[in-house]
Amino acid sequence: MAISEAQRLLAPDLNWVATVYNALDVATFPYRARKEDWVLWLGRFCDYKGAHLAIDAARAARRRIVLAGKLVEPAEHAYFDQHVRPRLGPDVSFVGEADAQRKRRLLAAARCLLFPILWEEPFGMVMIEAMACGTPVVALARGSVPEIVVHGRTGFALHKPEELPNAIDAAGELDPLTCRRHVERNFDVHAMAEGYERVYQQLVPNPAANTPRRSTRSNHRR
């Protein structure tokens, strides 16, 4: 079972039977229509998550960026010290790793989520978390991004980092409610459960179909 078509492409020799997207409980994410004029990067500090690209794009768009992410492992510190720390300034705020409540507040308030990944990520949960809050996603079109983000409606799936600043500007014109409803329809836990049920029904034989019907006639003699 794949969590995206992008995951299938990473291992085309496997016997994939279906694709069912990851999901979340949309009701636990606060919807907010009015956004603040700063952008958010949320993730783990490593080169392929693209925090440095997010900073450069926000700075080019002349908007403040908030960075919230995991910074624990030696490799994470090495990346942060080399690529993120030199970029910090008055327009870049590093708030550390956000817990569940703070993450939701940040996602709901931001103008957009920046997701400039540099690898073929099978599924980025933070994208559907942002859209569940009514916040569009500005991302590079790697991995599952084109499957999750509806380009021009719930965000932008771009091919070059140079395109990110203009998309940050354009994100303010997107409808937050469209983002929310997109996640409700496609990435809520109910949609995932229904997807798995459909697959199981296709794969598991129905015992009732192989059971001979019992005669309705009475075998008693009169």
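# Notebook: contacts, rings and helix packing

**Entry 1: Ser 4.** I began at the start of the chain and listed what Ser 4 touches beyond four places in sequence: Thr 19, Tyr 21, Pro 122, Ser 144 and Glu 147. I am working with a predicted model here, so every value is computed. Ser 4 belongs to the segment that comes before helix 1 (5-10). Is Ser 4 buried or exposed? I find a relative accessible area of 0%, so Ser 4 is buried.

**Entry 2: Val 26.** Next I went to the loop between helix 1 and strand 1, where Val 26 sits. Val 26 is buried, at 3% relative accessibility. I checked how far Val 26 is from Ala 6, which is 20 residues away along the chain, and got 23 Å between the C-alpha atoms. Leaving out neighbours within four places in sequence, I noted that Val 26 is in contact with Ala 132, Arg 180, Val 183, Glu 184 and Asp 188. Some of these names come back in the next entry.

**Entry 3: helix 5 against helix 8.** I looked up how helix 5 (residues 125-132) packs with helix 8 (residues 176-186), and found an angle of about 125° with the axes 7 Å apart. The two helices are therefore oblique to each other, since 125° falls outside the ranges for roughly parallel, perpendicular or antiparallel. Which residues meet here? From helix 5 I have Ile 128, Met 131 and Ala 132, and from helix 8 I have Cys 179, Arg 180, His 182 and Val 183. Sorted by class, this contact has five nonpolar residues, one polar and one charged. Ala 132, Arg 180 and Val 183 are also among the contacts I listed for Val 26.

**Entry 4: helix 5 as a whole.** I then asked how many of the residues of helix 5 are buried. Seven of the eight are, so helix 5 is largely enclosed by the rest of the structure. My list of the buried ones reads Val 126, Met 127, Ile 128, Glu 129, Ala 130, Met 131 and Ala 132. They pack against strand 1 (38-44), helix 4 (100-109), strand 4 (113-115), strand 5 (137-140), helix 6 (145-148) and helix 8. Just after the helix, I noticed Gly 134 with a positive phi of about 85°.

**Entry 5: another positive phi.** Arg 62 caught my eye, with phi near 60° in a residue other than glycine. Most residues other than glycine have a negative phi, which is why I wrote this down. Arg 62 is found in the loop between helix 2 (51-60) and strand 2 (64-70). Its relative accessibility is 79%, so I count Arg 62 as exposed.

**Entry 6: Lys 49.** I stayed with the loops and turned to Lys 49, between strand 1 and helix 2. Which way does Lys 49 fall, buried or exposed? Its relative accessible area is 17%, and the cut-off for buried is under 20%, so Lys 49 is buried. Not counting residues up to four places away in sequence, Lys 49 touches Trp 41, Arg 44, Pro 116, Ile 117 and Glu 121.

**Entry 7: aromatic rings.** I count nine aromatic pairs in the structure. One of them is Phe 80 with Phe 94, a tilted pair at 5.0 Å centre to centre, with 50° between the planes. This pair links distant parts of the chain, as Phe 80 is in helix 3 (residues 74-84) and Phe 94 in strand 3 (residues 92-94), 14 residues apart. Phe 80 is buried at 1% relative accessibility, while Phe 94 is partly exposed at 33%.

For another pair I took Tyr 196 and Tyr 200, whose ring centres are 6.1 Å apart with the planes at 35°, so this pair is tilted. Both sit in helix 9 (residues 189-203), four residues apart, which puts about one helical turn between them. Tyr 196 is partly exposed at 24%, and Tyr 200 is partly exposed at 47%.

Going back to Phe 80 and Phe 94, I see that they form one aromatic cluster with Trp 41 and Phe 45. Trp 41 also appears among the contacts of Lys 49. I added one charge over a ring: Arg 104 lies over the face of Phe 29, 4.0 Å from the ring centre.

**Entry 8: Gln 82.** Last, I returned to helix 3 for Gln 82. At 56% relative accessible area, Gln 82 is exposed. Its C-alpha atom is 9.8 Å from that of His 52, which is 30 residues apart from Gln 82 along the chain.

Key. Residues numbered from 1 in each chain as written. Predicted model: local features only at pLDDT ≥ 70, side-chain atom pairs only at ≥ 80, totals over all residues. Heavy atoms only, no water. Phe/Tyr/Trp six-rings, centres within 6.5 Å; stacked < 30°, edge-to-face > 60°. Buried < 20%, exposed > 50% of the residue type's maximum accessible area, 1.4 Å probe, protein only. Lys NZ or Arg CZ within 6 Å of the ring centre and 35° of its normal. Axes fitted to C-alpha atoms, helices over the stretch in contact; angles between N-to-C directions. Parallel < 35°, antiparallel > 145°, perpendicular 65-115°, else oblique. Contact = heavy atoms within 4.5 Å. Nonpolar A, V, L, I, M, F, W, Y, C, P; charged D, E, K, R; others polar.
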